[in-house]
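Here's a quick briefing on the empty spaces in this fold and on how some of its helices pack. Have the structure open while you read.

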Amino acid sequence: PNMHIYFLVLSLCFFASVVESYRDLGAPNWSCDADLMKRSKTVPTSVHSLRPADIDIIAAMGDSLTAANGAGAEGKDVLAIAIQFRGLTWSVGGDKTLDEHITVANILKKFNPDLFGYSIRTGSANVWETAHLNAGIPGGHSGGMADQAADLVRRMKDHPEIDFINHWKLVHIFIGGNDICSWCRRGDSENGDHYRDNLRTAVQYLKDNMPKTIVVLTGMIDIDLLRRIDNAHLVCKEIHTFECKCEQNSTISDAALSGICHDYMDKMQELEDSGEFDTSDDFTLVIEPYLETTTDIGRNPDGTPNMDFFAPDCFHFAAYGHAIVAKNLWNNMMQPVGAKSPANLTDDGLPPICPEKKSIQACPFIRTTKNSADCSKY
């Protein structure tokens, strides 16, 4: 029996070493000023007065990046790209603690331990026990966002722990990579206007059907950046031939590929600039442009691409990549509209920033267009 116990312990230790062997990034002992960590004294009536601790429900919409395909893959196991590691995704992943793995959900749990909706472990979007309010679907296009929005509304209304009318909700959206990857074959049906209108339909559905909500929309990344990885790693180039045909289409110039990405960014920006989602106190849309404005991939000290950022297919984010992107997303959420910093995909060793400490000029809230223009009203 003792020998059996020995081998059991040995096996468990081996298994633990396997599942934890990938690189990760946490924010050990991170905290902010005690006053900034508190909820508002009364439940805010305005979306522009939301402290991070006021968020009760977190949710996400998107594609395989939101599903975190391959995020926990070991080594060069390309087959593991099929596994959806939802608990590691940068927006709503709830695996581990913030000390071990940075996600927006793990940061918000420091403000509100009762945060609800974050995804855990692995599984597809329709497995409630793990996905919770992560509605991201691998292969998703912008045209599917309205269905994901309706799915989230249904999930929230049906769950007994969610006070659908009174709980403040944060919904993160990131979509567009698959649109870009098929754009060169579909032409005008995948242009910037089409992309913007698909997003508008989805966000309008949320506005009409999900009270007390802030929608955080991560801006598109320039897919042309992937070609810098292809140039350094030929195996990545071969894999991308299947994953993103337009990125690998040799007849598409760097300028053309970058151009359609920036067209998407410009058209998306119209949704914020128009003010169409700022017509009520209990809903707003904020575009976080950290990926839009980044100009390089993550680098090693010697200047080579840091492949730890990517899953084995050199396209999806690894756990380490999700953590770096999460920190940049959070930082943008704390920065005023018009003064948001570009993503630094090379880890700078700095912790996530804190909300501004309340003073005459500071603003302790999740930043929106309105409180960025004048926080004193809120």
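Let's start with the enclosed space: helix H10 (254–273) and strand E4 (283–288) each put at least two residues into the lining of the largest cavity. Keep in mind that this is a predicted model. H10 turns up again further down, where it packs against H5 and against H6.

**The cavity**

- There is 1 cavity of 30 Å³ or more in the structure, and the largest cavity has a volume of about 30 Å³.
- Its wall is made by Leu271, Glu272, Gly275, Phe277, Asp278, Thr284 and Leu285.
- Sorted by class, that lining comes out as 3 nonpolar, 2 polar and 2 charged residues.

**The largest pocket**

- For the open spaces, the top entry is a pocket with a volume of about 510 Å³.
- It has 32 lining residues, and Leu65, Gly177, Asn178, Cys181 and Phe315 are the ones closest to the centre.
- Two helices, H5 (177–186) and H8 (234–243), each supply at least two residues of this lining.
- Of the elements involved, H5 gives the most, with 6 residues.
- The chemistry of the wall splits into 17 nonpolar, 9 polar and 6 charged residues.

**The second largest pocket**

- Next comes a pocket of about 440 Å³.
- Here 22 residues do the lining, and Gly75, Met307, Phe310, Ala311 and Pro312 sit nearest the centre.
- This time H8 is the element that gives the most, with 3 residues.
- By class, the lining of this second pocket has 14 nonpolar, 4 polar and 4 charged residues.

**H5 against H10**

- The helix that gives the most to the largest pocket, H5, also packs on H10: their axes come within 11 Å and cross at roughly 130°.
- Angles over 145 degrees would count as roughly antiparallel and 65 to 115 as roughly perpendicular, so H5 and H10 end up oblique to each other.
- The handedness of this H5–H10 crossing is right-handed.
- On the H5 side the contact uses Asp179, Ile180 and Trp183, and these meet Ala256, Leu257, Ile260, Cys261 and Tyr264 of H10.
- That contact counts 7 nonpolar residues, no polar ones and 1 charged.

**H6 against H10**

- Helix H6 (residues 192–209) packs with H10 at an angle of about 35°, and the two axes are 8 Å apart.
- H6 and H10 also make a right-handed crossing.
- From H6, the residues in contact are Gly192, Asp193, Tyr195, Arg196, Leu199 and Arg200, while H10 brings Asp263, Tyr264, Lys267, Met268, Glu270 and Leu271.
- The class split for H6 with H10 is 5 nonpolar, 1 polar and 6 charged.
- Two H10 residues are worth clicking on: Tyr264 is in the contact with H5 and in the one with H6, and Leu271 is in the contact with H6 and in the cavity lining.

**H2 against H11**

- Away from H10, helix H2 (residues 104–111) and helix H11 (residues 319–334) have axes that come within 9 Å and cross at roughly 55°.
- That angle makes H2 oblique to H11.
- Val104, Ile107, Leu108 and Phe111 of H2 touch Ala326, Leu329, Trp330 and Met333 of H11.
- The tally for this contact is 8 nonpolar, with no polar and no charged residues.

Key:
Residues are numbered from 1 along each chain as its sequence is written. This is a predicted model: local features need pLDDT of at least 70, side-chain atom pairs count only at pLDDT 80 or more; totals for chains, interfaces and linings use all residues. Side-chain values use heavy atoms; hydrogens and water are left out. On a 1 Å grid over the protein atoms alone, a cavity is a set of points where a 1.4 Å probe fits but cannot get out, and a pocket is an open set with protein on both sides within 12 Å along at least five of seven lines; lining residues have an atom within 4 Å of a point. Grid points are joined across faces, edges and corners, and a volume is the space filled by probe spheres set on the points. Helices (H or I, at least four residues) and strands (E, at least two) are DSSP runs, numbered from the N terminus. Ala, Val, Leu, Ile, Met, Phe, Trp, Tyr, Cys and Pro count as nonpolar, Asp, Glu, Lys and Arg as charged, and the others, Gly among them, as polar. Axes are lines fitted to C-alpha atoms, for helices over the stretch in contact, and angles run from 0 to 180 degrees between N-to-C directions. Angles under 35 degrees count as roughly parallel, over 145 as roughly antiparallel, 65 to 115 as roughly perpendicular and the rest as oblique. A crossing is left-handed if the near helix is turned anticlockwise from the far one by less than a right angle, and right-handed if clockwise. Contact means heavy atoms within 4.5 Å.
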